[in-house]
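I opened the notebook to go through one model from the overall fold down to single residues. My notes are kept in the order in which I looked things up.

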Amino acid sequence: MKEKIQFPKDFWWGAATSGPQSEGWYGKRHENVMDYWYRVQRNDFFNGVGPDVASDFYHKYKDDFAMCRQIGMNSFRTSIQWTRLIKDLETGEPDPEGVQFYKDVIAEAKKNGIILVMNLHHFDMPIELLQKYGGWESKHVVELFAKFAKTAFEAFGNDIEYWTTFNEPMVIPEAGYLYGFHYPKLVGKGKEAVQIIFNINLASAMAIQEYRKMHLNGEIGIILNLTPAYPRSDSKEDLDAAAFADDFFNRSFLDPAVFGTFPKTLIEILKKDNVLWESDEKELEIIKNNTVDFIGVNYYHPKRVKAPEADHFENWMPDRYFSDYDMPGKRMNPYRGWEIFPKAIYDIAKNVQDNYGNIKWFISENGMGVEGEEKYRKENGEIEDDYRIEFYEEHLAWLNKAIQEGSNCFGYHAWTPFDCWSWNNAYKNRYGFIAIDLNDQKRTIKKSGYWLKDVADNNGYEY
Ligand code: BGP
């Protein structure tokens, strides 16, 4: 028998995108790493599609907010592009055209009764700062980020209730410096990755410091991709591997964000291996004193790990301490090639509740990417994405169970409101509640969009 899955009062029903993935290349902005990558290596990008038009949010934000409202969304996340807001990257001086654009976006969200979560960095480092200083490897760039944040707070501080500093900061060292799937596409740069982990934590804390200084009314947090690391077995070797993977990929950002300190076990290993980041007392103080008000958690798939297999690395790599485990029989998303494991949402919630002071949090991304989704379009023009509805209902049921057990979760954001540009995967994997036809930018609500409206109206669903 079906039962009603009921969510707490004022629960957030929404979805997330980001500036670089939705706006398109318009206005007088600087080039970011992704724009540059596309300019120099176009064939790295699915079907050769780049960020030049993206989902044309720059021109269509009014229609988009109206549609988001129509499908029941009460909240929405995007990001301010560093390359659009800032005219002078060294001083942090704003570009009036950039300021005006985000002011208009903020006003439009308000008009539609949509709570805006504004993020500051979603993988979009200005390319000049990478080329000139080494990007996140540089403490000078950390300072420039803090200036950008300050400019953003000065321009919109009182108009935004919920700020976040970074989206999935771990992806920056992981994808750019360890495994080479995002620009600068480096592989095996463990020591650099470790320094970047520290520097981004410092950058986030410095942004929070700027925010606190201004005594604004809202709250500030960070968006983390917390990926539970499940061990292959209960053997000591597998358990150690899982503990390391958790320390390195999750806790290296979660602990400083919530407690202002890094996991001791991680520091011991990095010290022993002679790759600990360079830091001074003043910086550690800033991290200690500037923790978050809330966290956003992006969850797509779990990590399965086993004891490390390789024992030789030219440079230091986290893979000294774990290997990925390809678990037989795991349930897969046939389109995106990611494992589907809804219970992980419950495990994340429990971890936050039990080990992180039950800090308030929300799901800031969760979604099902589907390649070739056009084949599910019906005669009436609607994409019938039952697989996505099923995916959401399963994940939400586990989230609800955690909430019933006391988890302090205040919302659920899917990735994404409308199909959007996903770096080198471009428009390969569609995630939206609203489909976008790239030929004419026409929007059509998918079946999941109407489903969301129902869920939001009832603050729950029958399951
Ligand atoms: C998340 C990122 C998003 C988005 C999403 C989907 O990790 O925060 O920016 O890219 O993944 O990714 P993909 O299109 O590769 O499936």
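The entries below go from the whole chain to the ligand, the core, the sheets and some backbone details.

**Entry 1: overall**

I note at the outset that this is a predicted model. I counted secondary structure and got 15 helices and 17 strands. I then looked up the radius of gyration, which is 21 Å; the globule rule gives 23 Å for 463 residues, so the protein is as compact as a globular protein of that length. The C-alpha trace spans about 60 × 55 × 45 Å along its principal axes. Burial came next: 50% of the 463 residues count as buried. I also checked contacts with a separation of 6 or more, and 77% of them join residues 24 or more positions apart.

**Entry 2: the ligand**

Which residues are closest to the ligand? I found 13 residues surrounding the ligand, and the closest are Glu168, Gly369, Ser422, Asn425 and Asn429. I sorted the shell by character. One residue is nonpolar, nine are polar and three are charged.

**Entry 3: the nonpolar core**

I turned to the largest nonpolar core, which holds 138 residues. Phe145, Ala207 and Ala245 touch the most other members. Helix H9, residues 190-213, gives the most to this core, with 13 residues. I followed Phe145 outward: beyond four places in sequence, Phe145 touches Ala203 and Ala207. As background, nonpolar side chains tend to be buried together in soluble globular proteins.

**Entry 4: Ala257**

I picked Ala257 in helix H10, residues 236-259. Is Ala257 buried or exposed? Ala257 counts as buried because it has 27 C-beta neighbours inside 10 Å, and the threshold for buried is 20 or more. I listed its contacts beyond four places in sequence: Ser204, Ile222, Thr291, Val292 and Ile295. For Val292 I looked up the distance as well. Ala257 and Val292 are 35 residues apart in sequence, yet their C-alpha atoms are 5.7 Å apart.

**Entry 5: Pro20**

I did the same for Pro20, which sits in helix H1, residues 19-22. Pro20 is buried, with 27 other C-beta atoms within 10 Å. Leaving out neighbours within four places, Pro20 is in contact with Asn32, Met34, Pro51, Gln81, His122 and Asp124. I also checked Pro20 against His121. They are 101 residues apart along the chain, and 9.7 Å separates their C-alpha atoms.

**Entry 6: a three-stranded sheet**

I traced an open sheet with the order S9-S11-S12 and mixed pairing. Why is one side of S9 and of S12 left without a neighbour in the sheet? Strand S9 (229-231) and strand S12 (323-324) stand at the edges, and each has a single partner strand, so one side of each is free of a neighbour there. Strand S11, residues 303-306, pairs with S12 in the antiparallel sense over two bridges. Val305 stands opposite Asp324 in S12.

**Entry 7: the S15-S16 hairpin**

I moved on to S15 and strand S16, residues 442-445, which pair in the antiparallel sense over four bridges. Ala435 stands opposite Thr444 in S16. Four residues lie between the strands of this hairpin, and Gln441 takes a positive phi near 60°.

**Entry 8: unusual backbone**

I kept one general point in mind: most residues other than glycine have a negative phi, and most peptide bonds are trans.

Where are the cis bonds I noted?

- Tyr183 and Pro184 are joined by a cis peptide bond, with omega about 10°. Pro184 is in the loop between helix H8 (171-178) and H9.
- The bond from Trp415 to Thr416 is cis too, with omega near 5°. Thr416 is in the loop between strand S14 (409-415) and strand S15 (434-437).

I then compared two aspartates.

- Asp10 has a positive phi of about 65°. Asp10 is in the loop between strand S1 (4-6) and strand S2 (12-16). Asp10 counts as exposed, with 10 C-beta neighbours inside 10 Å.
- Asp56 has a positive phi of about 55°. Asp56 lies in the loop between helix H2 (33-40) and helix H3 (57-70). Asp56 counts as buried, with 20 C-beta neighbours inside 10 Å.

Key: Residues numbered from 1 in each chain as written. Predicted model: local features only at pLDDT ≥ 70, side-chain atom pairs only at ≥ 80, totals over all residues. Rg over C-alpha atoms; globule rule 2.2 N^0.38 Å. Buried ≥ 20, exposed ≤ 12 C-beta atoms within 10 Å, placed from the backbone. Contact = placed C-beta atoms within 7 Å. Near = placed C-beta within 6 Å. Nonpolar A, V, L, I, M, F, W, Y, C, P; charged D, E, K, R; others polar. Core = buried A, V, L, I, M, F, W, Y, C linked by C-beta atoms within 7 Å. Pairing = 2+ DSSP bridges.
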